[in-house]
Each structure stands twice: as C-alpha cells, then as structure tokens.
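Colleague: Could you pick one crossing, go through it closely, and then work outwards from there? I'd like the terms explained as you go.

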Amino acid sequence: MMNLRNASRIGGVVATGAIAALLITGCTREGDGDAGPAEASPGITDTTLSLGISSPLSGPTAGPGSCTVAGLYTYLEAGNAAGGFEFGDGNTRTVELTYLDDVYDPAKAVSNFRQLVDDGIFAYVGALGTPTNAAILPIANEDEIPQVLLVTGATMFSSDQETNPWTFGLLPTYYSEGFAFGELLAERGEVTVAVLSQNDDYGDDYVAGFEAAIEGTDVEVVASATYEPTDPTLDGQVTELAASGADALLSAVSVTPLQVGVLTKAQSLGWLPEIFLPSNTSTPATVVIPGNGAAYPAVYTTSLSKVPVSPTFAEDEDVIAFNEAFAEYGAEIAPTYTPHCAWSYAEGAILEQAFLGMTEPTRDSFMEALHSIEDFQAPLLLDGITVNTTDPTLPAIQGLNLVQFNGTGYGPVQ
Amino acid sequence: MEYFIQLVIEGLATGSIYGALALAIVLVNRATGLINFAQGGMAVLSTFVAYALFDAGAPLALAILGAIVFAFALGAVLERVIVRPFERGDPDTAVVVTIGLFVLLGGVAAFFFGYEPRQFPSFFGLETLNIAGVFVSLRSIGTIVVLALVVVLLQVLFRGTKLGLAMRAVADNPVSASLSGLPVSWLLMIGWGLASVLGVIAGVLVAPQLFVSPGMLDFVLVYALAAAILGGLDSPQGAVIAAWFIGVIENLAGAYIDIVGNDLKIAVPFVVMIIILIVRPQGLFGRKVVVRV
C-alpha cells in the first residue's frame with residue numbers, strides 16, 4: 001500500500017512538472033511569433049502529411065487513371081523511403097497518399113472526394129478526368145480544400161481563379177495543343193484540314209485552339225465531323241472526311257480503340273493526310289503502330305515528358321531513377337505505361353517544391369507556396385519545359401513540344 | 001455516287017457488328033424464350049479466352065476454336081447452375097438475372113485481364129479492295145460472309161433438324177415439350193451453349209475493331225437488342241437485315257441531312273424503329289404470337 005501511495009505521489013509530481021513545462025513552452029512560443037503560430041489544417045502533423053486522389057482504376061480509362069496514381073505514389077514513397085520530405089517550417093514529414101477508384105464516374109468521384117475529406121486529407125492532388133474533377137470543383141472551393149495539379153487539359157480548372165482559388169491544373173490545355181498544331185500548319189501556307197473531334201469540352205477546346213491559331217492564315221478547315229465517346233466505330237465519320245481529300249487531319253479523339261480505327265480507316269480509303277494526334281491518344285505501342293501510322297506522310301503529336309520505356313532516354317538520369325523506383329512502388333498499381341505515369345511523377349516533384357515553400361502547416365500556406373514556383377525543371381519533363389506557377393490562371397506546366405512519329409517512337413519535327 | 005456507295009458499305013460493315021450479337025440474342029430467344037442480356041458478358045469473356053490463347057502463342061484459328069469450346073461450356077454451365085432455378089418462374093425475374101450475369105461476367109473478365117483495351121488480330125487480314133473507286137476492307141467482307149453463313153446454318157438448324165424442332169418446342173411450351181418426352185433440361189443447356197458460341201463468334205469478328213476489353217460490347221449490345229427487336233425476336237435473317245438497316249440509315253442520315261449531322265445520327269434509326277414497331281409490333285420479320293384460347 002505504501003509503495004502504491006508513494007507511486008501515486010510521484011506521479012502527481014511528474015504531472016505537475018509536465019503542466020508547468022507545457023505552460024512555459026506555451027509562453028515562450030507565444031513570445032516568439034508576432035501573431036502566434038497558425039492552427040494546423042487537417043491532415044498534417046509535425047511528422048506526417050496525408051494526401052488523397054480519386055482516379056479511374058477500373059473501366060475504359062483505367063490505364064491512364066492508374067498511371068496518375070502510380071507515378072505520384074512512386075515519387076512520394078521513394079521520398080519517404082529516403083527519409084521523408086522537408087517542409088518550409090523546418091519539419092520533415094512522411095507523405096501518405098490514399099487513392100480511390102472512381103471508374104471515371106463524376107458521381108463516384110464526388111463521393112470519393114467526400115470520403116477522403118472525412119478521412120482527414122490535407123489536399124486532393126493529381127486526379128485524372130475532366131468530368132470527374134468538374135463535379136468536385138464547386139465542393140472543394142466551398143470547403144476550401146486544395147484540389148490541385150489535376151491531370152486534365154481542360155482550361156476550366158485554372159482559368160477562373162476568382163471563383164475557384166483552390167483548384168489548379170497540371171497539364172498544358174487541350175487548347176494549347178490545338179493551338180500548337182495550328183501554328184505548325186500556318187507556317188506552311190495553303191493547307192486544307194479535316195477536323196474530327198469529340199462532342200464535348202475536350203473536342204471543343206482542341207478545335208478552339210486550332211482555329212485561333214489558323215485565323216487569318218491560308219490554312220482552311222474544309223470538313224469537320226464529331227462523334228460520341230460511346231460510338232463503336234468512327235468509320236462513317238472518317239469516310240465523310242476522306243471525301244474532302246484534305247491535306248491534314250486533326251483527330252481530336254480521346255478513346256484509344258477509336259483512334260486506332262481512324263488511322264486504319266483513312267488509309268484503307270486511300271486518304272493519306274498528315275495526321276495530328278492529341279497527346280493522350282498518340283502512344284506508339286497502343287495507337288500509332290497498331291494503326292499503321294507509318295503509312296501517312298507524317299504523324300504529329302505534342303510531348304512534354306521523356307519516355308521511360310524508350311531506348312532514346314535509356315541513359316537519362318531521371319529515367320533511370322524513375323524506372324528503378326517505379327518497379328518498386330508504382331508497377332503494382334499501373335501495369336501498363338502511359339505518359340500519365342511520367343506526368344504524375346513530375347507532379348510529385350512539384351509538390352515537393354511546394355512543401356519546401358510552406359512556412360506554416362496550413363492549406364493557405366500550401367496554396368501560396370504552390371503558386372510561387374518559378375522555372376523549376378521537374379524530373380522527366382523534356383529539357384526546356386519548366387514549371388511556372390506564378391500565374392495561377394495557367395496550369396503548372398504550359399510548354400509543350402511538337403514531335404513527329406519516326407517509325408518506332410517520336411522525334412523532332414522534320 | 002461513289003461517296004454514297006462508300007457510306008452504304010461502311011453502314012453495312014458497322015451494322016454487321018451489331019448483327020453478329022443480335023443473332024446470338026435471337027438464338028437464345030428461340031431456344032429458351034428469354035431475352036438474354038448475359039449474352040454480351042459471355043461473348044466478352046470467351047473473346048478474352050481467344051485473346052489469351054493467341055497471346056500464349058496458339059495460331060489464331062486454334063485460339064478461336066478453343067474459345068468456341070469454352071463458350072459452349074460456359075453457356076451450358078451458366079444455364080444449368082444459375083439460370084435454371086429462375087426459368088420456371090416469372091420471365092421478368094429471369095431477364096433481371098441475365099442482366100446481373102452480364103455485369104458479373106464483365107467483372108470476371110476485368111479481374112483476370114484488367115480494363116486496358118487489347119488488340120486482337122483480324123482473321124481476314126487488313127487489306128482493302130478498291131472496286132471502281134469504292135473501298136471495301138476484307139474484314140468487312142469477311143464479317144458479312146460469316147454472318148450470312150450463320151444465318152443459313154441457324155435456319156437449317158431450326159427448320160431442318162430434329163434438334164432444332166425440339167428446341168423450338170421447348171421455347172414455345174416447356175411443359176408440353178417435357179410431357180411429350182423431350183429432354184427439356186438438356187435442350188435448354190444446348191440452347192444456351194449455342195447462343196454463347198454465336199456470342200464469341202460475334203466477339204472475335206468485332207474484336208479487331210473494338211479491341212478486347214470488358215466493356216467492348218456494352219454499347220454494341222444496345223444496338224444489337226434494337227436490331228433483334230426491329231427484325232423480329234425470332235428471326236435470324238430479320239436481326240441481321242435490321243442491323244444492316246440501322247448501320248446504313250445512321251451513316252446516310254448523318255452525312256446527307258444537315259440538321260441531323262453527327263450529333264443526332266444515332267437517333268435516326270431508333271426513330272425509324274419506333275415507327276416501324278407501331279405499325280408492325282412483331283418486327284419486320286417476326287411471327288405474330290397467337291394464343292389459342
């Protein structure tokens with residue numbers, strides 16, 4: 001009994017001491033800062049930060065969707081394994097990524113987003129998809145939760161920062177891709193063009209960019225057709241367009257089998273225009289080679305990242321680091337490579353830059369830091385394509401290179 | 001004129017895709033009296049088997065043959081194990097069960113093969129013939145020929161063989177068929193097996209164009225059902241002709257009627273279909289169901 005009583009007395013002393021110590025530290029801290037430290041936002045402690053993402057991991061868009069998770073996961077896990085990420089407030093944190101499957105369904109994406117927020121994520125990052133992110137956008141901005149570095153080329157995610165200050169895109173817009181194509185043709189002089197586009201924002205952005213670039217030039221759109229992503233084949237559209245005999249075809253098609261169908265159909269009709277493919281359906285192994293793109297005088301697309309699976313980049317330091325880390329962390333999530341794996345890996349590095357600039361453990365501080373990155377050469381981005389986030393109305397990556405198919409992969413425009 | 005013919009040819013080729021699956025729907029309907037949504041799922045799963053065999057190094061013909069055997073077994077087993085308990089009950093319940101199966105089979109295919117669309121080689125090669133300025137691909141010709149052959153074979157089966165007669169009897173009135181000594185349960189299994197085989201033939205015919213993926217037939221199934229209903233649910237040639245009709249009308253309306261364009265072209269065959277069905281509820285080639293009182 002005595003012993004116990006002693007023990008409890010000792011305990012009391014320890015407790016009192018601890019409280020005193022807390023009071024003292026409390027006082028000192030308060031004396032340090034001007035306004036005191038900001039209260040930490042949800043999802044961040046002194047040692048951890050939790051992020052969330054919802055992308056299509058099943059369904060027809062599973063390939064690109066899985067890659068948006070796998071590349072980011074790879075970058076973050078490799079960083080965690082190397083000791084964690086340094087933050088601007090002097091702490092080093094491990095960054096956890098929770099990922100959910102939305103099957104490219106906006107309703108599912110919204111419920112995933114709510115679940116992630118309930119589970120206490122600090123920020124929602126890198127999600128793929130225009131319709132899915134568009135559904136989340138009003139909620140994220142209402143609740144002031146960062147919805148950033150989104151893997152979509154739609155202009156809407158960065159353009160209106162007044163209304164949507166918490167939303168921010170990653171990739172060059174479809175508008176800029178279309179514009180780049182138009183510029184290339186405008187240099188040529190008189191060219192006739194056929195345009196095939198998806199009947200939604202994706203297709204409209206492409207066509208708008210293209211038309212803006214050719215306005216007042218000798219480039220003329222002589223035929224155009226649209227399609228629904230659910231159409232089983234585009235043979236009818238291609239036949240219509242082929243009748244125009246245009247010199248070039250802008251094929252703003254986002255569905256892989258349909259894009260292959262366009263390439264095989266046009267040549268089978270004896271129509272061999274120069275082809276312009278969007279960056280997300282131009283992968284050599286899955287689109288251009290199956291569609292026998294070599295039959296055309298030229299196949300162009302835009303590119304912003306090094307291709308880890310291509311021999312051209314086999315000696316590249318970024319690529320070697322990526323391939324090693326990806327085999328360890330990302331390969332399980334995304335068995336097939338699409339460029340989204342490289343983009344989301346680069347996105348991890350952009351996040352790291354933002355962490356470095358974060359002086360307080362708050363979402364406000366994160367957004368400020370994220371919008372203060374200048375001329376950052378993120379890993380896997382092509383030389384000369386840098387990250388600039390100081391104009392929040394433009395996506396984080398704005399530059400893109402035009403490239404031309406060379407029989408096996410893409411090289412410089414001839 | 002060449003442009004017109006070209007559009008018609010493209011319409012026939014696209015229609016053949018719908019027709020292939022519509023035929024399978026008609027077969028199940030004739031053999032079991034049901035509309036079977038699981039048809040799409042069975043076709044996809046079996047097409048994946050063809051893909052897997054080919055991928056493992058089997059020659060294309062052998063891979064397709066293997067898939068056909070698999071498909072027959074799959075159809076028969078599904079009928080015996082899952083659908084059987086519902087056959088005697090309300091037909092609506094059975095139809096809902098087949099919808100469930102459709103989703104389930106797609107999930108099974110996704111579990112084993114994932115969602116990434118995979119390429120599948122064409123049995124007919126990729127060449128295109130130029131006939132007086134009109135381009136026709138060997139693949140389209142092949143698809144059309146195979147469809148025509150299947151229609152003929154089905155007619156022979158149902159009209160000219162005892163098996164076909166027995167299957168029709170079972171679909172028409174299982175109780176009487178059973179009383180007259182027909183092995184009803186075996187016949188139903190065979191009916192499902194054959195329908196599943198037709199499904200995989202459809203799958204293999206369209207796979208080079210649509211790629212193999214769990215959702216490859218989702219939208220085709222809608223067109224196929226429309227074709228089957230327009231043609232008359234019990235008429236194989238009706239289903240194929242209706243499918244061609246849908247493909248051709250869709251293309252022509254999209255190209256020639258300005259206000260229709262590409263946005264509305266899908267609606268045109270369905271509007272035509274509704275009008276036809278108002279006039280002829282049994283479909284273009286269907287037999288009127290007469291109930292003797």
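**A crossing in chain B, and its surroundings**

Modeller: The crossing of α1(B) and α10(B) is right-handed, meaning that the near helix is turned clockwise from the far one by less than a right angle. This is a predicted model, so local features need pLDDT of at least 70 and side-chain atom pairs count only at pLDDT 80 or more, while totals for chains, interfaces and linings use all residues. Residues are numbered from 1 along each chain as its sequence is written, and chains are lettered from A and ligands numbered from 1 in the order in which they are written.

Back to the two helices (DSSP runs of H or I, at least four residues; strands are runs of E, at least two; both are numbered from the N terminus). Helix α1 covers residues 2–32 of chain B and helix α10 covers residues 236–256 of chain B; they pack at about 145° with axes 7 Å apart. Axes are lines fitted to C-alpha atoms, for helices over the stretch in contact, and angles run from 0 to 180 degrees between N-to-C directions. The contact of α1(B) with α10(B) takes in 16 nonpolar, 7 polar and 2 charged residues. Here Ala, Val, Leu, Ile, Met, Phe, Trp, Tyr, Cys and Pro are nonpolar, Asp, Glu, Lys and Arg charged, and the others, Gly among them, polar.

α1(B) has a second partner: helix α9, residues 218–231 of chain B, packs with α1(B) at about 65°, their axes 8 Å apart. That crossing is right-handed too. From α1(B) the contact uses residues including B:I17, B:L21 and B:I25, and from α9(B) residues including B:V220, B:A224 and B:A228. By class, there are 13 nonpolar residues, 1 polar and no charged ones in the contact of α1(B) with α9(B).

Now for the neighbouring chain. In chain A, 28 residues are in contact with 30 residues of chain B, contact being C-beta atoms, placed from the backbone, within 7 Å. On the chain A side, α2 (62–81), β8, α8 (235–242) and α9 (256–268) each supply at least two residues. That side divides into 10 nonpolar, 16 polar and 2 charged residues.

β8(A) also leads into a sheet. The open sheet in chain A has 7 strands in the order β8-β7-β9-β10-β11-β12-β13, with mixed pairing; pairing takes at least two DSSP bridges. β8 (219–227) and β13 (410–412) of chain A are the edge strands, and neighbouring strands are turned by 30° against each other on average, direction ignored. Within the sheet, β9 (248–252) and β10 (274–276) of chain A run parallel over 3 bridges, and A:L250 stands opposite A:F276. Helix α7 (201–214) of chain A lies across β7 (191–198), β8 and β9 of chain A, at about 160° to β7(A).

One last spot in chain A: A:V151 sits in the loop between β5 (147–150) and α5 (156–159) of chain A. A:V151 is buried because 28 other C-beta atoms lie within 10 Å; 20 or more make a residue buried, 12 or fewer exposed, and anything in between partly exposed, with C-beta atoms placed from the backbone. Among the residues that A:V151 touches are A:T68, A:L128, A:H340 and A:W343. Its C-alpha atom is separated by 9.2 Å from that of A:G65, 86 residues away along the chain. Overall, chain A comes to 13 helices and 13 strands, and buried residues make up 51% of its 414 residues.

Key. Contact = placed C-beta atoms within 7 Å. Lists of a residue's contacts leave out its neighbours within four places in sequence.
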